Amino acid sequence: SIPKELIERFVKFIEFVETCPRGGSKWIKGFAYHCDNEDTKENCETCITTCLDDLKRDSKLLKEKEGFKLSLKDIKPGQRCKILNIAGVGEIKKRLSDMGIIQGAVIEMERIAPLGDPIDIKVRGYHLSLRKDEAENIEVEVI
């Protein structure tokens, strides 16, 4: 009882979700463009390349800013970073250390909750959730 046009739109949506690296409002606009213009995988490859170039450029700009401190809470999903310093003291620092969050460790940001708290990260092959205030005390460098 579902119109053929609607089923085709769902199929296009699934194909789009499987290939598109973007998120948010750009992602929704990209899907509309994909449906209206018979978008091809070649166009998706171009988009992926553009997204990666933008990510590298943004990362490079952050690294070039003198005196700019980047905390773990500033990292976007999909980005990887290396821990430079942990500002917490006492029990908090020990708890983070016990979880593998130590200087030099590489972290990948998995996702951020809709309101920004908590964040899900991957460190040493394990998935962890941290509060935003805990992540704010972890100084990192995007890699």
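This short presentation describes the fold, the core and the surface of one protein chain.

Good morning. The model shown above is a predicted one. I shall begin with the overall layout. The protein contains 5 helices and 6 strands. Read from the N terminus, these elements follow the order α-α-α-β-β-α-β-β-β-α-β. Of its 143 residues, 27% are buried. Among contacts with a separation of 6 or more, 55% join residues that are 24 or more positions apart. About 10,000 Å² of the protein is exposed, and carbon and sulfur atoms supply 54% of that area.

Let us turn to the sheet. In general, strands of a sheet pair through backbone hydrogen bonds, in either a parallel or an antiparallel manner. Here, 6 strands build an open sheet in the order β1-β6-β2-β3-β4-β5, with antiparallel pairing. Its edge strands are β1, residues 70–71, and β5, as each of them pairs on one side only.

At one of these edges, strand β4, residues 119–123, pairs with strand β5, residues 126–130, over 5 bridges. Within this pair, I119 stands opposite L130, and I121 stands opposite L128. The hairpin has 2 residues between its strands, and R124 takes a positive phi near 55° there.

What lies at the heart of the nonpolar packing? The largest nonpolar core has 20 residues, and the members that touch the most others are L72, I101 and I121. Two or more core residues come from each of β2 (80–86), β3 (106–112), β4, β5 and β6 (138–142). I101 illustrates the packing: leaving out residues up to four places away in sequence, I101 touches I83, I86, L96, I121, V123, L128, L130 and I138.

Is Q79, in the loop between β1 and β2, buried or exposed? Q79 counts as buried, because its relative accessibility is 9%, under the limit of 20%. Apart from neighbours within four places in sequence, Q79 is in contact with L55, I107, E108, M109 and V142.

On the surface, a nonpolar patch of about 450 Å² is made by I2, L6, I7, F10 and V11. One of these residues, V11, belongs to helix α1, which covers residues 4–19. V11 counts as partly exposed, with a relative accessibility of 42%.

Finally, I come to the charged pairs. Side chains of opposite charge can pair when their charged atoms come close. How many salt bridges does a search of the whole structure find? The search finds 4, and I shall describe some of them.

In one of them, E8 is joined to K4, with the closest N and O atoms 4.0 Å apart. Both E8 and K4 lie in helix α1, 4 residues apart, which is about one turn of the helix. E8 is partly exposed at 43% relative accessibility, whereas K4 is exposed at 63%.

Another salt bridge links the side chains of K73 and D74, at 3.9 Å from N to O. K73 is partly exposed, with a relative accessible area of 32%, and D74 is also partly exposed, at 36%.

A further salt bridge joins E134 and R95, at 2.5 Å from N to O. E134 lies in helix α5, residues 132–135, and R95 in helix α4, residues 90–98, so this pair ties together parts that are 39 residues apart in sequence. E134 is buried, with a relative accessible area of 12%, while R95 is partly exposed, at 36%.

Thank you for your attention.

Key
Residues numbered from 1 in each chain as written. Predicted model: local features only at pLDDT ≥ 70, side-chain atom pairs only at ≥ 80, totals over all residues. Heavy atoms only, no water. Buried < 20%, exposed > 50% of the residue type's maximum accessible area, 1.4 Å probe, protein only. Contact = heavy atoms within 4.5 Å. Areas by Shrake-Rupley, 256 points an atom, 1.4 Å probe, with all protein chains shown as cover. Pairing = 2+ DSSP bridges. Core = buried A, V, L, I, M, F, W, Y, C linked by side-chain atoms within 4.5 Å. Patch = residues over 30% accessible without salt bridge, like charges linked within 9 Å, V, L, I, M, F, W, Y side chains within 5 Å.
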